[in-house]
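Welcome! Let us walk through this structure together, one step after another.

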Amino acid sequence: MTAEEAGRQYHISMEKIRYYEDNGLLEHSVLTDGTIEYTEAQIHCVGMIHSLLQTGMGMEDVKKYMKHFYENKSDKKEQIQILRKQRFQVLDEIHRKQQSLDELDYMIGELKKGAAG
């Protein structure tokens with residue numbers, strides 16, 4: 001599969017796919033004519049990398065995670081640790097956003113009370 005086909009499958013721009021490659025996140029095969037091609041496993045990685053970055057995971061942690069993924073170690077402890085760390089950070093961010101939302105709702109409520117009176 002080509003980069004263009006991978007992008008269409010995961011709704012990811014070619015720029016992002018090139019970015020993943022340039023940062024050593026995405027592996028590919030080069031055919032004898034110089035064409036870049038991806039295996040199904042590599043295509044799966046496009047979606048995985050995109051998802052990890054969407055969570056706000058830092059580039060170094062994504063690189064570390066993908067390194068373990070590509071090495072296909074039977075011991076997945078390091079990958080689990082990376083994902084749990086990011087999960088905690090996402091939950092913390094959700095909590096902070098919920099607090100901000102609650103504050104906005106309170107301010108809206110106060111303004112409505114003042115407008116009604």
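In this predicted model, 25% of the 117 residues of the protein chain count as buried, where buried means under 20% relative accessible area. The accessible surface of the chain adds up to about 8300 Å², and carbon and sulfur atoms make up 54% of that area.

Now follow the chain from its N terminus. You will meet 5 helices and 2 strands, in the order α-α-β-β-α-α-α. The radius of gyration is 21 Å, well over the 13 Å that the globule rule gives for 117 residues, so the chain is more spread out than a compact globule. Its C-alpha atoms fill a box of roughly 75 × 35 × 20 Å along the principal axes.

What lies inside? Nonpolar side chains tend to be buried together in soluble globular proteins. Here, the largest nonpolar core has 20 residues, and the members that touch the most others are I17, L26, I49, L52, V62 and M66. Helix 1 (3–10), helix 2 (14–22), helix 3 (40–54) and helix 4 (59–71) each provide at least two residues of this core. Helix 3 contributes the most, with 6 residues.

Take a moment with I17. Setting aside neighbours within four places in sequence, I17 is in contact with A3, A6, G7, I12, L26, Y38 and V46. Across the whole chain, among contacts with a separation of 6 or more, 46% join residues 24 or more positions apart.

Finally, look at the charges. The chain carries 16 positive and 20 negative side chains, and the centres of these two sets are 7 Å apart.

How values were computed. Residues are numbered from 1 along each chain as its sequence is written. This is a predicted model: local features need pLDDT of at least 70, side-chain atom pairs count only at pLDDT 80 or more; totals for chains, interfaces and linings use all residues. Side-chain values use heavy atoms; hydrogens and water are left out. Helices (H or I, at least four residues) and strands (E, at least two) are DSSP runs, numbered from the N terminus. The radius of gyration is taken over C-alpha atoms; the globule rule is 2.2 Å times the number of residues to the power 0.38. Buried means under 20% relative accessible area, exposed over 50%, partly exposed in between (1.4 Å probe, protein chains only). Contact means heavy atoms within 4.5 Å. Accessible areas come from the Shrake-Rupley method with a 1.4 Å probe; for residues, only the protein chains shown count as cover. Lys and Arg count as positive and Asp and Glu as negative; His and the chain ends are not counted. The place of a charge is taken as NZ of Lys, CZ of Arg, CG of Asp or CD of Glu. A nonpolar core is a set of buried Ala, Val, Leu, Ile, Met, Phe, Trp, Tyr and Cys residues joined through side-chain atoms within 4.5 Å.
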